[in-house]
Amino acid sequence: MLEEINHLALIGSLMQQMCVYLVIAYLLSKTPLFAPLMQVTVRLPGKLVCYLVFSGFCVMGTYLGFQIEGAIANTRAIGAVLGGLLGGPIVGLAVGLTGGLHRYSLGGFTDAACAVSTTVEGLIGGGLHLYLLHRHRADRLLSPMIALGTTLCAELMQMLIILLMARPFDQAARLVAHIALPMMLTNAVGAALFMRLILDRRETLEKYSIAFSAKALRIAERSVGVLMQGFDERNCSRMAKVIQEETGVGAVAITDCEKLLGFVGVGAEHHLPGTPIASAHTRHAIDHNEVVYADGATVPYCCSVTKDCKLGSCLVIPLRGEENRVFGTIKLYEPKRKLFSSLNRTLGEGIARLLSNQVLAGRIEEQKRLLAQSEIKLLQAQINPHFLFNALNTLAAVIRRDPEAARQLVQYLSTFFRKSLKRIGNEATLGDEIEHVDAYLHIELARFADRLDVQFAVPNDLLPLRLPAFSLQPIVENAIKYGISQMLDAGTIRISAQRQAGVLTIVVEDSAGLYQPTPGGDGLGMNLVDRRIKIRYGAAYGIAVSCEPDCWTRVAIRLPVEEELAPC
């Protein structure tokens, strides 16, 4: 009866130790260190992590053990066996040796036997790892029942080694009789529970991943091409509705850098598309290009529109375009009564990338289309029979009175056509644009004789800066066609450029002052240039026209500074 009580007391004590062991394992499962343990480890970095983790559990199992008749009842076998099962023979041997040598350093009449048996336990786990891999049954290595059976056999082997090696034999036999059942039972159950913990963690991550992937795929499927049609209120509202339906969050908003473009969900009655951005969180996300999470507790959240709003938390994710520039945000909200799901936080960042790529792809396509239109328009303006007729008539007149000037005019005409017809890509340097315009103006100078004066004020250090191709010539053409050519007196065209606070401003000024804004726009050429710049760089850039009637008209082209790429 006393023997039975002693066994039960020892089992209870070892079970308490095992619980501590499993609590530590659970906490470890929340760290990146646990990731290599959730699969059969075959690569060196994973094997190293496996060795470190299970060696630590081996040593911990010994330290948490109980002194009994000069020996230690412990749960060391869990670390040795699982190290071999998950890491293979080499890891099992390394873990077993580490745990065994540590046990040997503590002394006692079973020190050598325990050192050998711990090493053998690691090899037993590693041997089974190798066997199941060769049988293409690697999935069985993560079975709690396999872990239980293997640890049971390993502990039985330990008891035999203690009987064979420990002396005096009578004391060894008495010790084995006392600790065999408690240690075999506790270590086997502990190994099975540890493996179950690994499986549960893996299954949780797989479910999380499946849920994430399913939502992401449904959103991608339903939103294909929506924002490629344009980043405007109609398309953003459609996109926000799709995201809100698929994620189940309280509300979804999409903004550009200035105003709200779409809002669906709780609070839609006062968050109205078209209204300026008022949220400090949104402004911070845009200005600093970083994700802002206002959970309503750690980071306070308060609706910027009305204090009666039911929304209680907000995740603001920047939408990024070319060169990582922010062109807007997507915002996910939850009501005050609901916590923000970590799945939706992660999914939100994925959705932001999806939306950014769609908008970027749409802008690239729009740029290609506008560039094609621009090139066609420019070529029509430059090569049409009327233009050629004027140029050739001018050339014929000059040839009679000044052959050398005629030769120069032919050279300018050649440069003009070469720049117009052989332009590669949709970018050019300011120097290229100036050269193109200079050739065009020399042709016009020959036609207008003394009625046209051209002035350039462009610093040399600005010439390497990049801008969309064919940005300058349509503006100069407009200045002559609708300005200087309408004057009875001589006129002046002045082209200047300056860089200030990271912005390049190119100004084309004529002395006619005849600009008249029209409801339909300022002409196809100028509109194309303005739209191309806005699509590429944002609404803050583009063309601005000012006029002093009968004095001057100024067309300012604003765009961010882009240095010329170094040649490869």
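**Close-up views**

**View A. An open sheet of 5 strands is ordered β4-β3-β7-β6-β5, with antiparallel pairing.** The edge strands, β4 (260-265) and β5 (292-294), each pair on one side only. From one strand to the next, the twist averages 10°. The model is predicted: local features need pLDDT of at least 70, side-chain atom pairs count only at pLDDT 80 or more, and totals for chains, interfaces and linings use all residues. Residues are numbered from 1 along each chain as its sequence is written, and side-chain values use heavy atoms, with hydrogens and water left out. Helices (H or I, at least four residues) and strands (E, at least two) are DSSP runs numbered from the N terminus. Two strands pair if DSSP finds at least two bridges between them.

**View B. Helix α8 (residues 233-247) lies across β3, β4 and β7 (326-335).** The helix α8 runs at about 30° to β4. Angles run from 0 to 180 degrees between N-to-C directions, and axes are lines fitted to C-alpha atoms, for helices over the stretch in contact. Contact means heavy atoms within 4.5 Å. Beneath this heading also belongs the pairing of β3 (residues 251-256) with β4: the two run antiparallel and are joined by 5 bridges. Ala 251 has Gly 265 in β4 as its bridge partner.

**View C. A second open sheet has 5 strands in the order β9-β11-β12-β14-β13, with mixed pairing.** At the edges stand β9 (452-457) and β13 (542-548); each has a single partner strand, so one side of each is left without a neighbour in the sheet. Neighbouring strands of this sheet are turned by 15° against each other on average, direction ignored. In a regular strand, side chains alternate between the two faces of the sheet.

**View D. Strand β14 (residues 552-560) is joined to β12 (residues 503-510) by 8 bridges and to β13 by 7 bridges.** The strands β12 and β14 run antiparallel, and β13 and β14 also run antiparallel. In the pairing with β12, Ile 506 has Ile 557 of β14 as its bridge partner, and Asp 510 stands opposite Thr 553 of β14. In the pairing with β13, the bridge partner of Val 545 is Val 555 in β14. The hairpin of β13 and β14 has 3 residues between the strands, and Asp 550 takes a positive phi near 65° there.

**View E. Helices α13 (residues 430-448) and α14 (residues 473-481) lie across strands of the mixed sheet.** Helix α13 lies across β9, β11 (491-500) and β12, and runs at about 165° to β9. Helix α14 lies across β9, β11, β12, β13 and β14, and runs at about 20° to β12. Phe 470 is in the loop between β10 (466-468) and α14. The phi of Phe 470 is near 60°, a positive value in a residue other than glycine.

**View F. Helix α3 (residues 76-87) packs with helix α4 (residues 89-105) at an angle of about 160°, with axes 7 Å apart.** This makes α3 roughly antiparallel to α4. Angles under 35 degrees count as roughly parallel, over 145 as roughly antiparallel, 65 to 115 as roughly perpendicular and the rest as oblique. The crossing of α3 and α4 is right-handed. A crossing is right-handed if the near helix is turned clockwise from the far one by less than a right angle, and left-handed if anticlockwise. Arg 76, Gly 79, Ala 80, Gly 83, Gly 84 and Gly 87 of α3 make the contact with Val 91, Gly 92, Val 95, Gly 99 and Arg 103 of α4. These contact residues divide into 3 nonpolar, 6 polar and 2 charged. Nonpolar residues are Ala, Val, Leu, Ile, Met, Phe, Trp, Tyr, Cys and Pro; Asp, Glu, Lys and Arg are charged; the others, Gly among them, are polar.

**View G. Helices α5 (residues 111-134) and α6 (residues 144-165) pack at about 150°, with their axes 9 Å apart.** The two helices α5 and α6 are therefore roughly antiparallel to each other, and α5 passes α6 in a right-handed crossing. Contact residues include Val 116, Val 120 and Ile 124 in α5, and Ala 154, Ile 161 and Ile 162 in α6. The residues of this contact divide into 13 nonpolar, 4 polar and 2 charged. Pro 168 lies in the loop between α6 and α7 (169-222), and the peptide bond from Arg 167 to Pro 168 is cis, with omega near 5°.
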